[in-house]
Amino acid sequence: MKALRWYDSRDVRVEDAPDPRLQDPKDAIVRITATTICGSDLHLYDGFVATLEKGDILGHEFMGEVMEVGAAVKTLKPGDRVVASFPISCGECVYCLKGQFSLCHNSNPEKELQDKFLGNHTAAIYGYSHMFGGIPGGQAEFVRIPYADVGTLKIPSHLPDEKVLFLSDIFPTGYQAALNCDLKGGETVAIWGCGPVGQFAIRSAFLLGAERVFAIDHVPERLEKARAAGAKTLNFDELKVHDTLMELTRGHGPDACIDAVGMEAHEGGFIGMYDKVKQLMRVETDRPFALRQAIMACRKGGVLSIIGAYGGFGDKIPLGAMFNKALNIHECQAHVQAHWRKLLDLIEAGAIDPSFIISHRMPLAEAAEGYRMFLEKRDGCMKIFLKP
Ligand SMILES: NC(=O)c1ccc[n+]([C@@H]2O[C@H](COP(=O)([O-])OP(=O)(O)OC[C@H]3O[C@@H](n4cnc5c(N)ncnc54)[C@H](O)[C@@H]3O)[C@@H](O)[C@H]2O)c1
Ligand SMILES: [Zn+2]
Ligand SMILES: [Zn+2]
């Protein structure tokens, strides 16, 4: 089959790869009909995630048609149309039973690697390094789905791929970011990052009762999409984010702050240079600039919801502000399977159409160019719908 394989920082190639086969009775094999590139893939592309190996197949947002199922798969049969969740989860451990699917204790076959990096191990993620299981990803023609009953959502035939593909990751992820804000109704939420995750976080914050959403970025078409959802936008190239948020909230700060940027935040000036140099020298893995700003801006006793991905170690995190302002901090890889049914219902009811996020369509064969384009946010690139 053809698949997108990682070779080095900024070197990915679509080439031949072995066809996946059933390895466990709970597995299924799926023929991919649609896939895409996530902001998290950019961290791999840029070489900031350890334990990738040359030739690894990337991709954790995908959907397709079930071709084959193992003897222990109960809910699927060949021909079913499914979306896959990016966390791979057993469905039976204490974490899965609590709905914390991305914390699954059993699905990571290379758990010793993660134990070393994180002190314990979390769910495997398709195509996301060996620390996350070394499981081949879905930017490919076919994929193996471990624990297939838990990691797939059946899709009714009348919904096109474009509307449901993002249930795999960014829609539940944006929803999770807003859910983690513990909104009761009427709150002010500030969101750093208007990429695909930020866009779904904005819409989810309103769905969950936020009264005002401030969206921070500097990419014009992304700010435009944030405004279209009802957010007030702040272009960080044009104003002082902290001061503006304080003015907008009469000196208190937003009730909840979402970091939807993660480890590769942009920042000019001395501190930006400091983070970049330390990251390049590998003495700091993450550039936590948006996180620092969110901590400083958040209201006393407010919620800090971290959904942008962090991989290792950050520097100059304002612990004093976090502690003395009594912030409530929630962060996670999204527990996709806990939310996707509810979100599918919203799509079916016409309450939201996630295809608004698609800016480009390409065949899988051109995915390497897709990575470059998405990284550079070139040509208005927001989200690429890839078809094998
Ligand atoms: N927790 C999860 O489950 C999960 C799932 C998917 C993605 N993610 C992570 O979410 C983050 C966003 O993903 P995406 O697909 O939207 O990526 P993206 O790269 O398309 O978007 C990031 C956005 O942040 C903006 N940005 C950069 N620096 C900023 C700053 N200082 N202030 C405000 N905005 C800034 C960029 O201009 C860009 O628009 C990534 O870190 C990704 O790894 C997490
Ligand atoms: Zn992702
Ligand atoms: Zn589990």
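The legends below describe views of a predicted model, from the whole chain to the surroundings of ligand 1.

**View 1. The overall fold of the chain, with its 13 helices and 18 strands.** The C-alpha atoms fill a box of roughly 60 × 50 × 45 Å along the principal axes. For 388 residues, a compact globule would have a radius of gyration near 21 Å, and the 20 Å found for the chain agrees with this expectation.

**View 2. Burial and contacts within the chain.** Of the 388 residues in the chain, 51% are buried. When contacts between residues at least 6 apart in sequence are considered, 72% of them join residues at least 24 apart.

**View 3. Ligand 1 between two domains.** Residues of domain 1 (2–169 + 334–387) and residues of domain 2 (174–331) both enter the shell around ligand 1, and the ligand therefore lies between these domains.

**View 4. The shell of 34 residues that surrounds ligand 1.** The closest residues are Gly 39, Gly 193, Gly 195, Gly 262 and Ala 309. Two or more shell residues come from each of helix H1 (39–45), helix H5 (170–179), helix H6 (196–207), strand E12 (212–217) and helix H10 (289–297). Of the elements, H1 gives the most to this shell, contributing four residues.

**View 5. The chemical classes of residues in the shell around ligand 1.** Sorted by class, the shell holds 18 nonpolar residues, alongside 12 that are polar and four that are charged.

Key. Residues are numbered from 1 along each chain as its sequence is written. Chains are lettered from A and ligands numbered from 1 in the order in which they are written. This is a predicted model: local features need pLDDT of at least 70, side-chain atom pairs count only at pLDDT 80 or more; totals for chains, interfaces and linings use all residues. A residue is near a molecule or strand if its C-beta atom, placed from the backbone, lies within 6 Å of it. Ala, Val, Leu, Ile, Met, Phe, Trp, Tyr, Cys and Pro count as nonpolar, Asp, Glu, Lys and Arg as charged, and the others, Gly among them, as polar. Domain bounds come from an automatic or database domain assignment. The radius of gyration is taken over C-alpha atoms; the globule rule is 2.2 Å times the number of residues to the power 0.38. A residue is buried if 20 or more other C-beta atoms lie within 10 Å of its own, exposed if 12 or fewer, and partly exposed in between; C-beta atoms are placed from the backbone. Two residues are in contact if their C-beta atoms, placed from the backbone, lie within 7 Å.
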